[in-house]
Amino acid sequence: MNKSVAGLLVAGSLALVSLSSLAAAPGTQPDEAKIDTLISRMTLQEKANQLSILGADHGDLDKAIAQGLGGTNGVIPDIDVQQYTKAKQQVAMTSRLKIPLWFMGDVNHGFRILFPMPLAMAASFDTDLATRVARAGAEEATAAGVTWTFSPMMDISRDPRWGRGVEGAGEDPYLGTRMALAQLEGYQGNDLAASDTMMATAKHFAGYGAVGAGRDYNATSIPSREFRDVYLPPFKAVADAGIGSIMAAFITLDGVPATGDRALQTGILRDSWHYHGLVVSDYDAVKELETHGIARNDADAARIAINAGIDVDLHSGVYAAQLPGLVRSGKVSMARLNQAVRRVLEAKARLGLFDNPFRYGGPARVAKVTLTPAKRKLAREAARETMVLLKNDGVLPLEAKGRIAVIGPLADNQRDLQGVMPALGKPQDVVSVLAGMREAVGDRATISYAQGVTATGDDVSGIPAAVAAARNSDVAVLVLGESHDIYGEGDSRSSIKLPGRQQALVEAVLATGKPVVAVVMSGRALDLSWLDQHVSAIVEAWVPGDEGGPALADLLFGKANFSGKLPVTFPRSLGQVPLYYDHLPTGRPGDQHTTYTSRYVDLPNTPLYPFGYGLSYTSFRFGVPKVDHETLNPDGTLIVSEEVTNVGKRAGTAVVQFYVHDRIADVSRPVRELKGFKRVALAPGETRQITFSLSPKDLAFARLDGSWGTEAGRYDIYVGEDSTASATTSFMLARSERMGPGMF
């Protein structure tokens, strides 16, 4: 990051939402005198070891622990993690200073039981649900002794080729902020010292979601104003809310690797935001400063990273090996080393580890909280709320009678419903779509099954059996999409169409003339244009977790109603990417049939399905939004009210979305920006009045002179079911206001 970015922000300048009291009771308060004494007794090597996390793949992990290692991975499949963490902590208690270990890993959509992946959770637009899901994961993980999760991922993602988008909340900074705060509350609660809470990590700081060409780990190039307006706000919000740690991004931003970017990791986080938590590297990222081309060797990499502001080295071992010598040579100051060590020790104290290193974990707790019926029920609820109905010509809901063909590579599949980073989840715990549908219909209907094709292969020999199953049915449900090995970290795609020979399968089944329902499971937005034109109904089921099959059956058979909304825009073609709803206007708005406009000659500019879109088995009518005042004053709050009516014949949940547009400013402003959303359950014929509040700080942006603030003028309001909402009114912001320092 260039030097001009160093003074970007001040505390509070990017707050998008009202923060809860997440940091009100952050845990056991560190005894500063005891920590001072402990630091004074530590050798250089012990200090370097405390700043290091090594994995189970280390050559002699027990020896490293006995020498004062800071922490190790606790999310290891196929072992008894509770016994493992206890055994390793016992080794730590044999070290000279008996500083407790902490155990960490990716707990981002459950631990033993698996919930929908974070991108799917964002489709629920339900922050309470996101908190309960994170809380359930924390309960299971801490029972096994895991004290630190590398979640939530908060990278704004606007390119579906990037596989890691499945770990985040999609394309919008407001939705991303709300979902991240909800997860933070679930992980850390109001007391980090509680035996069922764990330290959370905001990752990846910052701009990782904008990797060039959608290719993981690639360099990024983000205009500084866009960086402030879009990519930083979620991180600022959780930093203010007391998140325990922030993870630096793998990537380079404006030519500087984030792991070695002092302007970012110290200038913004520490100096401007006054963040007091830990900053941890990503996996091996300290050593990778060498392959980035800014460090000559391991010692150089360690020097650059710690002086940039990276407190903890994840996995590479470079800090443990190099920091003692760097301090002796004066290339790293003792003050900086002690500062990082203090942050580690304070965090461990807040977790209560000094009071009782074995306070986490225990076989009785594992048995009590793991894979409980309540967690299964929550997983089913979460999967239901996250699935999105994209198209329905009337074939849905299905009747639980007659003959139903269930076809496709993900229909009788358990592993792929788990997704990536499945922690300790086991495929045998997943209820597949086929099993869920058979359970739902019992003996009232006949369900036949054929795989047809695999998710990614070229073998089409199973298509005739699929066609026969469809011919002998009244309706065919095709369960299609991506296998878990083509999305996630390191798995970008150059195409966003259905992989393998799945379209050939769909074409063959359609030729039978039977109605076809396409259920798509994916870790990203896909190009579903061909499906949209040909099948009767489309459901985006994302990566739904252990209870994905029963949840889908609830929806397909009408036991429950769809309420999920898209957290990402679905393009008509990869050629439109990046495509997102809150784009800037252009001087020559696009018209496909008019030359010299911003257009494609072969495709409309509009998406296939816009951000916030999702159908229901009922319909909702929105009135004209009203404001309680025509003018919003600098110290005031505007109340926006909207009447929503269920005009259909079924109960349903409307996800009411509130957007704002700044008509005139000194810099071009997005055509719309999400500023609020609420889920509202309505009986047939029921009308409810929904209110949103808006303050001037919610309208702040990076202004022409680089300062953070607002500009007086007229703003349009839109309220409705998605980002194309047409119900509108307007208000005046009375006065411009400077809320932060200049950019340059």
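Modeller: Helices (H or I, at least four residues) and strands (E, at least two) are DSSP runs, numbered from the N terminus. His204, for example, lies in strand 5, residues 201-205. This is a predicted model, in which local features need pLDDT of at least 70 and side-chain atom pairs count only at pLDDT 80 or more, while totals for chains, interfaces and linings use all residues. Residues are numbered from 1 along each chain as its sequence is written, and side-chain values use heavy atoms, with hydrogens and water left out.

Colleague: How many helices and strands does the protein chain have?

Modeller: The protein chain has 22 helices and 28 strands. Its radius of gyration, taken over C-alpha atoms, is 26 Å, close to the 27 Å that the globule rule gives for 744 residues, so the chain is as compact as a globular protein of that length. The globule rule is 2.2 Å times the number of residues to the power 0.38. Along the principal axes, the C-alpha atoms fill a box of roughly 75 × 60 × 45 Å.

Colleague: What percentage of the 744 residues count as buried?

Modeller: Buried means under 20% relative accessible area, exposed means over 50%, and partly exposed is in between (1.4 Å probe, protein chains only). In the protein chain, 61% of the 744 residues count as buried. The chain exposes about 26,200 Å², of which carbon and sulfur atoms supply 49%; such areas come from the Shrake-Rupley method with a 1.4 Å probe, and for residues only the protein chains shown count as cover.

Colleague: What share of the contacts is between residues 24 or more positions apart?

Modeller: A contact means heavy atoms within 4.5 Å. Among contacts with a separation of 6 or more, residues 24 or more positions apart account for 78%. Pro567 offers a case: its C-alpha atom is 5.2 Å from that of Gly170, although 397 residues separate the two in sequence. Pro567 lies in the loop between helix 22 (548-556) and strand 17 (620-622), and it counts as buried because its relative accessibility is 0%. Beyond residues up to four places away in sequence, Pro567 touches several others, including Leu119, Gly170, Trp542 and Phe611.

Colleague: How should one read the pairing of strands in a sheet?

Modeller: Strands of a sheet pair through backbone hydrogen bonds, either parallel or antiparallel. Two strands are taken to pair if DSSP finds at least two bridges between them. Here, one open sheet of five strands has the order 4-3-2-1-10, with parallel pairing. Strand 4 and strand 10 (313-314) stand at its edges with a single partner strand each, so one side of each is left without a neighbour in the sheet. Two bridges join strand 3 (residues 102-105) to strand 4, and Gly105 has Thr149 of strand 4 as its bridge partner.

Colleague: Is Trp148 in strand 4 buried or exposed?

Modeller: Trp148 is buried, because its relative accessible area is 0%. Not counting residues up to four places away in sequence, it touches, among others, Trp102, Phe103, Met104 and Gly105. Its contacts also include Met198, Met199 and Leu278.

Colleague: Which strands form the open sheet with mixed pairing?

Modeller: Five strands form that sheet, in the order 19-27-26-21-22. Strand 19 (631-632) and strand 22 (673-682) are at the edges, each with a single partner strand, so one side of each is left without a neighbour in the sheet. Six bridges join strand 21 (residues 652-662) to strand 26 (residues 713-720), and these two run antiparallel. Within that pair, Phe658 stands opposite Val719.

Colleague: How many bridges join strand 12 to strand 13?

Modeller: Six bridges join strand 12 (residues 402-407) to strand 13 (residues 445-450), and the two run parallel. Ile404 has Ile447 as its bridge partner in strand 13. Strand 12 also runs parallel to strand 14 (residues 475-481), to which four bridges join it; there, Val406 has Val477 as its bridge partner.

Colleague: Which residues does a cis peptide bond join?

Modeller: One cis peptide bond joins Lys203 and His204, with omega about 5°. Another joins Leu396 and Pro397, with omega about 0°; Pro397 is in the loop between strand 11 (388-392) and strand 12.

Colleague: Where is Lys98, with its positive phi?

Modeller: Lys98 is in the loop between helix 4 (81-92) and strand 3. Its phi is near 55°, a positive value in a residue other than glycine, and its relative accessible area of 46% makes it partly exposed.
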